[in-house]
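These are my notebook entries, written as I looked things up one after another. I begin with the strands and leave the overall picture for the end.

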Amino acid sequence: MNLQSKLAILADAAKYDASCASSGAAPRNSVGGRGMGSTEGMGICHSYAPDGRCISLLKILLTNFCQYDCLYCVNRVTSNVPRARFTVDEVVRLTLDFYRRNCIEGLFLSSGIIQSPDYTMEQVVEVARVLREEHDFRGYIHLKTIPDASPELMERAGRYADRLSINIELPTAEGLKALAPEKDSAAIDRSMARMAVHIGESRAARKEQAAQTIVSMPQSRTTRRASVPHFALGGQSTQMIVGADATSDRTILATSARLYGAHQLRRVYYSAFSPIPDAAHALPLAAPPTVREHRLYQADWLMRFYGFTHDEIVPPSQVGMLALDMDPKLAWALAHRERFPVNLNTAPRELLLRVPGFGVQTVDRLLAARRVRRLRHADLARLHVPLKKVLPFVEAADYRPGRALDAADLAAQLTPPPVQRSLF
Ligand code: SF4
């Protein structure tokens, strides 16, 4: 099989993994020799680097052969898909070719499990090693690690990669056992814990060394920094499949909160289950609404940046699912009207962050502005916040919302009316 055909199979097989924040770039094509940068439309995804830049990655599997039988996965052993396998050299060559042509800024590499978790992980690590050590590759590398691989291999992976991830796959241990019987949620947890320790130690060492360098010898900063062991400076992430079993949003968010707290994960990615060819009977026939995935990301954002706990976002008294027709912050505010209106001139940051329509940046701007003057209604307009959504929940020097919060139809006023979908 030629390289082109392998790329077609192994880029397509990698597209189900959301843990590099893939947003599916539009295919670029310079067939016919006109212009640089042809990727033949294969395997390029967008991701965010640790410094916040949006970058393009070559997203592929080393192989889609796999000896495991995870029911939700198109590459499982019982699936009837065409198979292919890259050699280490082929992945290195492809990465360097695309990189030199300016099509990508890095590599996202995952793999099905062949022979054994250690053997597979060794191959994945070898790609990163050859790129870094033999070709001095300075681009971004995200490696998907295999939870059952040995700690030594994980440690080596962290040396070469900017980011590591292990997919937790299902939000509960029972769900994983039912749909991916060969996987072990305790082993996944242990691997995440080990990685968190390495990442923490590496960061602390770099911080300490940077501080010492600034105090003692600022001129030798670069040299001294290079001696600090590197370990996945972009941290670790994971992916959870949503809608492959009956797990509620509340449980999903509880699992995410635990992962953020216990293993300092950088990101949890939510991937709406999509029906695959030859799907097992245990799986639902249809994908969950994509808006569910969107609401989970919004809720996740509220936990990480807005001070909400998962219990507040979906309280135990509810059915355990996020509302699909409104964002979780608005849903919380409507359920807690007694906490509003929030005074723009006196409320603490934590409370301002709970106002629907206010982002972190808006709140910081309001706090900066109110240090020098009293905030008025016109200040909100200047900040370009969605006034209709914000005004019932705030008061300013010259503005009171009156009885807006008491309106029985406030939710209907603040959510867009349902729209009939177009035919195409
Ligand atoms: S281990 Fe499971 S999820 Fe990963 S490629 Fe194999 S079947 Fe798919």
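Entry on strands E3 and E4. I looked up Leu109 and found that it stands opposite Leu143 in E4. The model I am reading is a predicted one, and I keep that in mind for every entry here. Strand E3 (residues 106–110) and E4 run parallel and are joined by four bridges. I then asked how much of strand E4 (residues 140–144) is buried, and I found that five of its five residues are, so the strand is largely enclosed by the rest of the structure. Both faces are covered, with Tyr140, His142 and Lys144 buried on one side and Ile141 and Leu143 buried on the other.

Entry on the core. I went back to Leu109 and listed its contacts, leaving aside the neighbours within four places in sequence, and I noted Ile60, Leu62, Val91, Val124, Val127, Leu143 and Lys144. Leu143 is thus among the contacts of Leu109 and is also the residue that Leu109 stands opposite in E4. In the largest nonpolar core, which has 98 residues, I found that Leu10, Leu109 and Ala128 touch the most other members. This core draws at least three residues from each of two domains, domain 1 (3–238 + 259–270) and domain 2 (328–414).

Entry on strands E5, E6 and E7. I next followed strand E6 (residues 236–242), which is joined to E7 by six bridges, the two strands running parallel. Strand E5 (residues 163–165) also pairs with E6 in the parallel sense, over two bridges. For single residues I wrote down that Ser165 has Ser237 as its bridge partner in E6, that Thr238 has Val268 as its bridge partner in E7, and that Gln239 stands opposite Tyr269 in E7.

Is E6 enclosed or open? Seven of its seven residues are buried, so E6 is largely enclosed by the rest of the structure. Gln236, Thr238, Met240 and Val242 point one way from the strand, while Ser237, Gln239 and Ile241 point the other way, and all are buried. For strand E7 (residues 267–272) I found five of the six residues buried, so this strand too is largely enclosed by the rest of the structure.

Entry on the ligand. Which residues surround the ligand? I listed Cys66, Tyr68, Cys70, Cys73, Asn75, Arg76, Gly112, Ile113 and Ala180. Sorted by class, this shell has six nonpolar, two polar and one charged residues.

Entry on two loop residues and their distant partners. I placed Gln264 in the loop between helix H8 (249–263) and E7. Gln264 counts as partly exposed because it has 17 C-beta neighbours inside 10 Å, fewer than the 20 that a buried residue needs. From C-alpha to C-alpha, Gln264 and Ala196 are 6.5 Å apart in space, although 68 residues separate them in sequence. Thr87 I found in the loop between strand E2 (54–61) and helix H2 (88–100). Thr87 is partly exposed as well, with 15 other C-beta atoms within 10 Å, and its C-alpha lies 8.5 Å from that of Gln123, which is 36 residues away in sequence.

Entry on backbone angles. I looked for positive phi values outside glycine and noted Ala232, whose phi is near 35°, and His384, whose phi is about 55°. Ala232 lies in the loop between helix H7 (221–226) and E6, and it counts as buried because it has 28 C-beta neighbours inside 10 Å. His384 lies in the loop between helix H14 (377–382) and helix H15 (387–390), and it counts as exposed because it has 8 C-beta neighbours inside 10 Å. I also noted that the peptide bond from Phe340 to Pro341 is cis, with omega near 0°, and that Pro341 sits in the loop between helix H11 (328–335) and strand E8 (342–343).

Entry on the whole chain. How many helices and strands does the protein have? I counted 16 helices and nine strands. Of its 424 residues, 38% count as buried. Among the contacts with a separation of 6 or more, I recorded that 67% are between residues 24 or more positions apart.

Terms used. Residues are numbered from 1 along each chain as its sequence is written. This is a predicted model: local features need pLDDT of at least 70, side-chain atom pairs count only at pLDDT 80 or more; totals for chains, interfaces and linings use all residues. A residue is near a molecule or strand if its C-beta atom, placed from the backbone, lies within 6 Å of it. Ala, Val, Leu, Ile, Met, Phe, Trp, Tyr, Cys and Pro count as nonpolar, Asp, Glu, Lys and Arg as charged, and the others, Gly among them, as polar. A nonpolar core is a set of buried Ala, Val, Leu, Ile, Met, Phe, Trp, Tyr and Cys residues joined through C-beta atoms within 7 Å. A residue is buried if 20 or more other C-beta atoms lie within 10 Å of its own, exposed if 12 or fewer, and partly exposed in between; C-beta atoms are placed from the backbone. Domain bounds come from an automatic or database domain assignment. Two residues are in contact if their C-beta atoms, placed from the backbone, lie within 7 Å. Two strands pair if DSSP finds at least two bridges between them.
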